[in-house]
Amino acid sequence: MSATMMDVSARLASAMPTPAPKAHIQYRRNSKLDQWICFWSIPVFYVFFGLVFVCLTRTMPPPSANVSQAGAISFFQSVAGVTNTHIGFALLVFSLGFYAMNNALVVVQMKRMEGVSQAMAYAYIVVLSLGALPGCMFIAIVYSVAAMRPDRDPQLVSMLYDMGMLSYVGSLGCFVAQYVVFVIAVLLDKRRIFPKWIAYFSIWVIFTEILAGPIFAFKTGPFAWDGAISFWLGTVVWVFWQFSFTICLYKAIKRQPLDEVVPA
Amino acid sequence: MRTKDQTISLWLAPVTAAVLLLAFCLFRGFLPPLSPAMSAEAVASFYKENAGWIRLSMVIMNLWGIMLIPFYMVIVIQMKRMATPSHVFAYAYLGAASGGGALLALANLFWLMAAFRPDRGAELIQLLNDLGWMTFTAPIGMIVAQNVTLALAILMDARPQPVFPRWVAHYSIVTGILIAPGALAMVYQSGPFAWDGLFAFWIRNSAFALYIAVMFFVVRAAIRQQAVEEGVPA
């Protein structure tokens, strides 16, 4: 481990260009405080995320994809508990702002890479700003609307139930794009800001997104939105990935020299 | 770096604010705001009676509501001028601003869809209306994140003469706190935190409007400062 660290820092030292500082750069403080604030917003965000989806709104693991209209109504009435759904999603829409801080951190680290243009960093922030709406915000809106009037026409409650889950489990493209962009950048990066294994791991996560495609066709079995493959396999892999990714990010910030000038 | 485009984008902000205010006043559902307690029939008849005004106001909002984004991007550029350790807050601000814009566009479409065929079943109109209001009012995380990241960047700006004065950081936080109760529209259907309530509607939207007005002058001063610094006409 320490050998790799030394290897990396030696490579860092040799690869580090020393660009001529612009006028205002000289009064930059030598600190990474802003990046650390954004870094610690990641655990805060995922604590909120877990609390909301697992504990309060009971949408993770997902409720059954194979429910009658009455089943959907009883989910909103009793299974999730109306008050918990309300408070849960209110917390979620509040904490989603932290997500923007998480993603910006990756942008800064991607901009430090060498042999990769900044196109990948910009693509990363765009796909995730885009993905927040279908992937997370939409279920919050739709389930709050469903839970506010469970006495609505049962067909409509059932439709809202499906809309929420299909958007939450089935928003794939934005995240596939996130991983693809990240993989390209990490594999091309000569400075090894992120280790190569996290790129290979990310390719795995792309496959789990593909395995979630069939949820739009199946209501039961392993490919339903609550199924063993489409949900469980994908989620377990993703949790491990998110954990590893966060550690890699931590190390990347930690290793960043204090006086390094990141391209604007 | 040029400042002309920034000045143009800056002036788009009051134009956009005026257009949004106009749309706001023309949309009969805002003054006073529709109550979540209205029955499906009452909502449907509201859309039937006011379809023309709703369409006009919401098309105006549709056409011009997103025009605040260039102004936000000027703030991003000014944040990148700050002597902060990195530009991480500027990118977070950028990401949050685009997320917020998408939500406004979506809320606007729900209202327009409700007004498109107001003779549809009353429950369907009520559903579209609920979706519109919930999307418009509750997801405040993105606006709050914009204000918080801007405040943090201002506080860390190590320039001898900061790009934005320090009070803007505190003001941004206060505005964020005033906007945050909008999320409670997901919890309450009556009282001050419902989507037509004192906090979730009146204070949230007034705080936002006032913030844009104040930021116009703050950003204008920053662009002028940049022009002087770089020796280009503003």
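This report describes the fold of chain A, its contact with chain B, and one helix pair from each chain in a predicted model.

**Chain A**

Chain A has nine helices and zero strands. Read from the N terminus, its elements are α-α-α-α-α-α-α-α-α. The chain has 264 residues, and 42% of them are buried. Among contacts in chain A with a separation of 6 or more, 76% are between residues 24 or more positions apart.

**Contact between the chains**

On the chain A side, 43 residues are in contact with chain B, where 45 residues take part. Three elements of chain A give two or more residues to this side: α2 (33-56), α4 (82-111) and α5 (119-148). The largest share comes from α4(A), with 16 residues. By class, the side of chain A that touches chain B consists of 28 nonpolar, nine polar and six charged residues.

**Two helix pairs**

One of the helices on that side, α2(A), also packs within its own chain, against α9 (residues 228-255) of chain A. In chain B, helix α1 (residues 4-26) packs with helix α2 (residues 40-64). The geometry of the two pairs is set out below.

| Helix pair | Angle | Distance between axes |
|---|---|---|
| α2(A) and α9(A) | about 170° | 11 Å |
| α1(B) and α2(B) | about 160° | 8 Å |

The angle between α2(A) and α9(A) is about 170°, which means that the two helices are roughly antiparallel, since angles over 145 degrees count as such. From α2(A), the residues that make the contact are Q35(A), F39(A) and I42(A), and from α9(A) they are T246(A), L249(A), Y250(A) and I253(A). Five of the residues in this contact are nonpolar and two are polar, with no charged residues.

The helices of the chain B pair pack at about 160°, and α1(B) and α2(B) are therefore also roughly antiparallel to each other. Their crossing is left-handed. The α1(B) part of the contact is formed by T16(B), V19(B), L20(B), L22(B), A23(B) and L26(B), which meet W53(B), L56(B), S57(B), I60(B), M61(B) and W64(B) of α2(B). By class, ten nonpolar and two polar residues make up the contact of α1(B) with α2(B), and no charged residues occur in this contact.

Charged residues are thus absent from the contact of α2(A) with α9(A) and from that of α1(B) with α2(B), whereas the side of chain A that touches chain B includes six charged residues.

Key
Residues are numbered from 1 along each chain as its sequence is written. Chains are lettered from A and ligands numbered from 1 in the order in which they are written. This is a predicted model: local features need pLDDT of at least 70, side-chain atom pairs count only at pLDDT 80 or more; totals for chains, interfaces and linings use all residues. Helices (H or I, at least four residues) and strands (E, at least two) are DSSP runs, numbered from the N terminus. A residue is buried if 20 or more other C-beta atoms lie within 10 Å of its own, exposed if 12 or fewer, and partly exposed in between; C-beta atoms are placed from the backbone. Two residues are in contact if their C-beta atoms, placed from the backbone, lie within 7 Å. Ala, Val, Leu, Ile, Met, Phe, Trp, Tyr, Cys and Pro count as nonpolar, Asp, Glu, Lys and Arg as charged, and the others, Gly among them, as polar. Axes are lines fitted to C-alpha atoms, for helices over the stretch in contact, and angles run from 0 to 180 degrees between N-to-C directions. Angles under 35 degrees count as roughly parallel, over 145 as roughly antiparallel, 65 to 115 as roughly perpendicular and the rest as oblique. A crossing is left-handed if the near helix is turned anticlockwise from the far one by less than a right angle, and right-handed if clockwise.
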